[in-house]
Amino acid sequence: MDLREKDQRYVWHPFTQMRDWVEPLIIERAEGCELIDIDGRRYLDGVSSLWVNVHGHRKAELDEAVRAQLDRVAHSTLLGLGNVPSIELAERLVSVAPDGLHKVFYSDSGSTAVEVALKIAFQYQRQRGRTEKRKFLALAEAYHGDTLGAVSVGGIDLFHQIFHPLLFDVLRMPPTIEALERSLEEHAHELAALLVEPLVQGAAGMLLQPRGFLRAARQLCRKHDVLLICDEVATGFGRTGTLFACEQEDVAPDLLCLAKGISGGYLPLAATLATDEIYGAFLGQFGEKRTFFHGHTYTGNPLACAAGIASLELFERDRVLDQLQPKIARLQARLSARVAPLGHVLEIRQRGFMVGIELVRDRATREAYAYDDAIGAQVCKAVRRRGVILRPLGPVVVLMPPLSISEAEIDRLVDATAESILEVCGA
Ligand code: PLP
């Protein structure tokens with residue numbers, strides 16, 4: 001039995017209709033922005049291995065940092081002990097994060113970073129005597145992960161609806177300042193926190209927030225005594241053109257969720273950053289039980305933290321964000337030239353290196369493709385034949401390449417996408 005057959009026999013893939021799982025593509029190694037399969041075929045990693053890869057694959061400095069850490073210790077717990085890389089990374093995260101976020105609570109995925117933020121916000125309100133502030137306000141079509149707390153605050157029906165009987169109640173609103181003002185005026189007394197993906201709602205289909213929304217959210221939450229949680233799991237680590245999306249609106253949240261790119265896309269790692277004010281509410285005598293009783297086994301894993309430190313060093317040493325700006329412009333120009341004119345492209349939504357290309361059956365009437373058309377998936381299949389890996393969100397084709405992608409590779413990515421849309425959707 002070859003590897004493809006064994007994959008089909010033994011592995012249950014996430015977000016995948018396994019009946020359609022034929023001819024799986026099996027990756028064996030990688031180099032730079034390319035993934036290489038077991039037959040030696042090369043594919044451009046157009047979505048950064050699900051939005052995580054930052055500096056490319058097999059990046060010498062990251063490989064070396066993980067290897068060097070492996071010679072010391074692969075894992076030791078943060079429950080009752082510290083470890084060297086987790087301390088050094090926490091210091092670095094605090095130094096680059098928006099102002100006031102001085103405490104780092106580690107976990108291991110975007111979902112857990114969000115669970116941690118929700119539980120901290122809830123417990124914080126109780127411990128300062130505001131027991132009535134127990135609800136969360138979230139955005140329409142939000143996505144914060146797949147564990148049940150994260151699903152509760154999520155709003156993507158296709159993924160979340162079936163689990164409704166298991167979820168807690170969440171207030172939901174569209175991302176407009178007026179809706180936020182209204183929601184806070186009516187509900188602030190019962191709200192622990194507002195949770196937002198800043199600037200771009202990724203899994204909703206790369207929806208761009210109106211400029212000024214995040215800044216208004218910061219001001220209004222402060223005015224109404226509601227915590228602001230920013231989920232930068234997708235937007236963090238340069239993806240929108242700045243290290244964190246919050247920076248673009250000069251916003252410092254009360255809690256910040258990080259994952260995906262935090263380890264350069266090498267190893268599972270996440271962090272929830274908190275202010276001193278929040279942290280302080282958890283301090284007390286042992287018997288008072290103000291402790292945050294939460295922790296995952298691999299929390300603060302030394303290998304992952306070593307990768308995280310090396311990644312932040314690269315951001316600084318190679319001035320990654322400065323290098324990124326002309327690439328963002330190139331990506332935008334190439335998309336405008338090659339993709340925007342296509343007859344079935346309704347809209348291209350781009351913020352930095354996060355791009356969503358929305359396809360419609362009829363541009364004039366904005367008639368959508370049916371779910372069954374699986375139009376995004378078809379385009380991604382076609383692009384694979386051109387040596388590019390993409391993953392859609394329904395009818396939205398997503399491009400989110402590693403920040404290290406070259407200008408020639410940007411052209412290759414966009415051109416292959418344009419050709420594939422034309423092949424699948426027609427002119
Ligand atoms: N939050 C946001 C904004 C995300 O985009 C994602 C994943 O795409 C998550 C949370 C969940 O992260 P993970 O898949 O690592 O649990």
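# A tour of the ligand site, a pocket and some single residues

Select Trp51 to begin; this residue belongs to helix 2, which spans residues 48–51. The model on screen is a predicted one. Trp51 has a phi of about 70°, a positive value although the residue is not a glycine. Is Trp51 buried or exposed? Its relative accessibility is 10%, and buried means under 20%, so Trp51 counts as buried.

**The ligand**

Keep Trp51 selected and add the ligand, because Trp51 is one of the residues that surround the ligand, with 4 Å as the limit for being near. The others to add are Ser109, Gly110, Ser111, Tyr143, His144, Gly145, Glu197, Asp231, Val233, Ala234 and Lys260. By type, this shell divides into four nonpolar, five polar and three charged residues.

Now look at individual atom pairs. Three are listed here:

- Gly110: a polar backbone atom of this residue is 2.8 Å from an oxygen atom of the ligand.
- Asp231: an N or O atom in its side chain is 2.6 Å from a nitrogen atom of the ligand.
- Lys260: a polar atom of its side chain lies 3.2 Å from an oxygen atom of the ligand.

How much of the ligand's accessible area does the protein cover? On its own the ligand has 390 Å² of accessible area, and the protein covers 83% of that.

**Along helix 5**

Next, pick Ser111 from the shell around the ligand. Ser111 lies in helix 5, which runs over residues 110–127. Its relative accessible area is 14%, and the limit for buried is under 20%, so Ser111 is buried. Select Leu258 as well: Ser111 and Leu258 are 147 residues apart along the chain, yet their C-alpha atoms are separated by 9.8 Å.

Stay on helix 5 and move to Gln127, which also lies in this helix. Gln127 is buried too, at a relative accessible area of 17%. What lies 2.8 Å from a polar atom of the side chain of Gln127? The answer is the backbone oxygen of Ala281.

**The second largest pocket**

Leave helix 5 and turn to the second largest pocket, which holds about 680 Å³ of space. To find its centre, select Phe105, Tyr279, Thr291, Phe292 and His294, which lie nearest to that centre among the 25 lining residues. Three elements each supply at least two residues of the lining: strand 4 (101–107), strand 12 (270–275) and helix 10 (276–280). Which of the elements gives the largest share of the lining? Strand 4 does, with four residues. Sorted by type, the lining has 14 nonpolar, eight polar and three charged residues.

**Two loops**

Go next to Glu23, in the loop between helix 1 (3–10) and strand 1 (27–31). Its phi is near 45°, a positive value in a residue other than glycine. Exposed means over 50% relative accessible area, so Glu23, at 70%, counts as exposed.

The last stop is Leu199, found in the loop between strand 7 (191–196) and strand 8 (200–201). Leu199 is buried, with a relative accessible area of 2%. Add Ala333 to the selection and draw a line from C-alpha to C-alpha: Leu199 and Ala333 are 21 Å apart in space and 134 residues apart in sequence.

Methods. Residues numbered from 1 in each chain as written. Predicted model: local features only at pLDDT ≥ 70, side-chain atom pairs only at ≥ 80, totals over all residues. Heavy atoms only, no water. 1 Å grid on protein atoms, 1.4 Å probe; cavity = no way out; pocket = protein on both sides within 12 Å on 5 of 7 lines; lining within 4 Å. Points joined across faces, edges and corners; volume = space filled by probe spheres on them. Nonpolar A, V, L, I, M, F, W, Y, C, P; charged D, E, K, R; others polar. Polar contact = N/O pair within 3.5 Å; in protein donor to acceptor, adjacent residues only side chain to side chain. Areas by Shrake-Rupley, 256 points an atom, 1.4 Å probe, with all protein chains shown as cover. Buried < 20%, exposed > 50% of the residue type's maximum accessible area, 1.4 Å probe, protein only.
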